[in-house]
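Me: Please take one close look at the ligand and the residues around it, and then follow the charged pairs and the backbone outward from there. I would like the cut-offs stated as you go.

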Amino acid sequence: MKRVITYGTFDLFHEGHYRLLERAKALGDYLIVGVTTEAYDKTRGKLNVVDSLMVRIENVKRSGFADEVIIEETFGQKINDIKKYHIDIFTVGSDWTGTFDYLKDYCQVVYLERTKNISSTMLREQNSRIQRIGIVGSGRIANRFVAEARHVSGVNTQGVYNPRRESAFSFAKKWQIDGYDELEEFYNAIDIVYIASPHETHYGYIKSALEHGKHVLCEKPMVLRQEQAEELFSYAKEKKLVLFEGIKTAYCPGFHKLLGFAGSGTVGSIRNIETCFTKLERTDSRELTDRVYGGSFIELGSYVMLPILKLFGRGFEDIRFDTIRGKNGLDIFTKVSLKYPMGIATATCGLGVKSEGRLLIAGTRGYIVAEAPWWKTSYFEVHYENAEEVEKYSERFLGDGLRYEISDFLSMINGNRSSEFKLTRGESEALAGIMEAFMRVERRGSVYPAEK
Ligand code: C2G
């Protein structure tokens with residue numbers, strides 16, 4: 001008798017789960033299914049699990065394929081289960097290919113092809129809340145997004161669009177999703193859109209996605225003109241759709257903890273904020289060669305401006321940009337100085353100059369410091385006049401961090417507005433305005449981004 005084991009969360013039980021269990025059962029004679037506990041999902045970084053353990057177990061049982069259901073509580077349990085239950089085959093979906101190869105020392109490991117499409121008929125029948133994501137663009141960040149979306153329950157990355165057919169199709173093949181070079185076809189196959197295309201195309205894609213009734217999560221900087229941001233947010237509101245700017249720091253738990261400390265007077269009244277993010281790029285990279293939309297501020301400005309806007313707000317009296325330019329005229333290092341009625345701030349970013357990437361918040365009683373990479377906030381300290389009095393705080397930052405914004409975006413779509421404060425419409429509009437001010441000064445108007 002061949003004994004097979006598989007594991008999963010099986011949240012919002014869907015076609016992909018059903019087909020996986022069906023094929024797992026067919027691999028042998030006796031199928032054991034391990035269902036993850038909430039606590040384990042938390043430690044392994046799976047967000048937004050909706051159904052309780054009991055409901056998830058019940059759904060697995062109802063599929064009719066499991067001969068036995070066990071619960072998975074900890075990392076490392078798989079090896080023990082394989083020994084304990086005399087397992088011949090461990091199987092899991094191909095989104096995990098390679099991850100469980102270490103189990104080959106104990107039994108056969110089979111990766112079953114993941115189900116690409118969760119059909120809309122099935123979703124309608126079950127009144128399920130699974131959102132089918134379509135990605136616009138297939139570059140570096142889009143790759144990271146797919147990997148991160150797998151850690152968020154309630155979404156299924158279904159397709160990718162790129163007008164360049166080969167790019168769309170090779171990306172689709174890599175991630176086992178569908179590729180599209182036709183926008184209408186793409187919109188027909190999905191519910192929500194993630195935009196990760198070149199900056200200058202964001203406005204057009206956001207508008208068309210909203211026109212097609214899709215909720216939109218757009219990479220930063222969302223747009224480079226305040227007027228465009230205002231127009232798009234108003235349009236989304238009119239259509240009752242969610243429009244979200246994806247600045248991952250804004251949604252990460254450690255950053256919120258830090259803002260909470262800063263905002264509640266721990267260091268007194270905040271008078272100075274200094275932020276810095278530098279990342280050395282190859283001189284032939286898009287970021288350092290695109291004469292209109294490249295450069296350090298367009299690339300990293302959203303991050304460095306974020307803590308300043310969150311803590312000091314949008315009411316600055318003065319803003320000044322100082323830049324160091326590379327041979328082609330693009331800013332390889334930018335320092336933004338802002339003056340507020342009660343404080344000052346500097347935001348520094350660089351693609352061709354390396355500096356210490358820290359966030360410093362100075363107040364009348366002490367200061368808060370988060371060392372690099374503060375934009376993936378996992379640790380910060382609070383210091384006071386007495387140098388020995390140091391408070392240390394940490395928070396988990398999982399994977400590449402995109403899962404937090406995906407999870408908050410999803411909650412908003414599902415009607416839970418409790419994450420809206422993390423990056424407000426007003427803050428996104430202000431960011432677009434600051435980008436616009438930078439473009440006006442730095443790109444001299446002659447190459448000012450044209451209306452799309
Ligand atoms: N699955 C699939 N097709 C989908 C979605 C999921 O084939 N469209 C598969 C997964 O690969 C997995 C199973 O269905 O084998 C359960 O998926 P999840 O509930 O998302 O659980 P997962 O996070 O993949 O947990 O220890 C837990 C395991 O590592 C897998």
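Reply: What follows begins at the ligand and then moves on to salt bridges, two further side chains and some backbone details.

This is a predicted model, in which local features need pLDDT of at least 70 and side-chain atom pairs count only at pLDDT 80 or more, whereas totals for chains, interfaces and linings use all residues. Residues are numbered from 1 along each chain as its sequence is written, and side-chain values use heavy atoms, with hydrogens and water left out.

Around the ligand there are 22 residues, of which F10, K46, E72, D95 and W96 come nearest; a residue counts as near when one of its heavy atoms lies within 4 Å of the molecule. F10 approaches through its backbone, an N or O atom of which lies 2.7 Å from an oxygen atom of the ligand. E72 and W96 approach through their side chains: a polar side-chain atom of E72 lies 2.5 Å from a ligand oxygen, and a polar side-chain atom of W96 lies 2.7 Å from an oxygen atom of the ligand. Of the 610 Å² of accessible area that the ligand has on its own, the protein covers 94%, the areas coming from the Shrake-Rupley method with a 1.4 Å probe. Two or more residues of the shell come from each of β1 (3–8), α1 (15–26) and β4 (89–93), and α1 gives the most, with 3 residues. Helices (H or I, at least four residues) and strands (E, at least two) are DSSP runs numbered from the N terminus. Sorted by class, the shell has 7 nonpolar, 9 polar and 6 charged residues, where Ala, Val, Leu, Ile, Met, Phe, Trp, Tyr, Cys and Pro count as nonpolar, Asp, Glu, Lys and Arg as charged, and the others, Gly among them, as polar.

E72 also leads to the charged pairs. It forms a salt bridge with K78, with the closest N and O atoms 2.8 Å apart, a salt bridge being a side-chain nitrogen of Lys or Arg within 4 Å of a carboxyl oxygen of Asp or Glu. Both E72 and K78 are buried; buried means under 20% relative accessible area, exposed over 50%, and partly exposed in between, with a 1.4 Å probe and protein chains only. The structure holds 27 salt bridges, including one between E395 and K257, whose closest N and O atoms are 3.3 Å apart. E395 lies in the loop between β19 (390–394) and α15 (402–413) and K257 in helix α12 (residues 253–263), so this pair ties together parts that are 138 residues apart in sequence. E395 counts as partly exposed because its relative accessibility is 31%, and K257, at 28%, is likewise partly exposed. In another pair, D284 bridges to R282 with the closest N and O atoms 2.7 Å apart, and R282 is exposed, its relative accessible area being 60%. Elsewhere, R140, R286, E287 and E299 are joined into one network by salt bridges that share partners.

Two further charged residues can be set side by side. D178, in strand β8 (residues 178–180), is buried because its relative accessible area is 16%. Its side chain meets that of K116 in a polar contact of 3.1 Å, which is a pair of N or O atoms within 3.5 Å; within protein, one must be able to donate a hydrogen and the other to accept it, and residues adjacent in sequence count only if both atoms are side-chain atoms. K354, by contrast, is exposed at 54% relative accessible area and lies in the loop between β15 (343–350) and β16 (359–363), where its side chain reaches the backbone oxygen of T278 at 2.8 Å.

Last comes the backbone. Most residues other than glycine have a negative phi, and most peptide bonds are trans. The bond from K220 to P221 is nevertheless cis, with omega near -15°, and P221 sits in the loop between β10 (215–219) and α10 (226–238). A372 and P373 are likewise joined by a cis peptide bond, with omega about -5°. N48, in the loop between α2 (38–43) and α3 (53–62), has a positive phi near 70° although it is not a glycine. Q176 also has a positive phi, of about 55°, and its place is in the loop between α7 (165–175) and β8.
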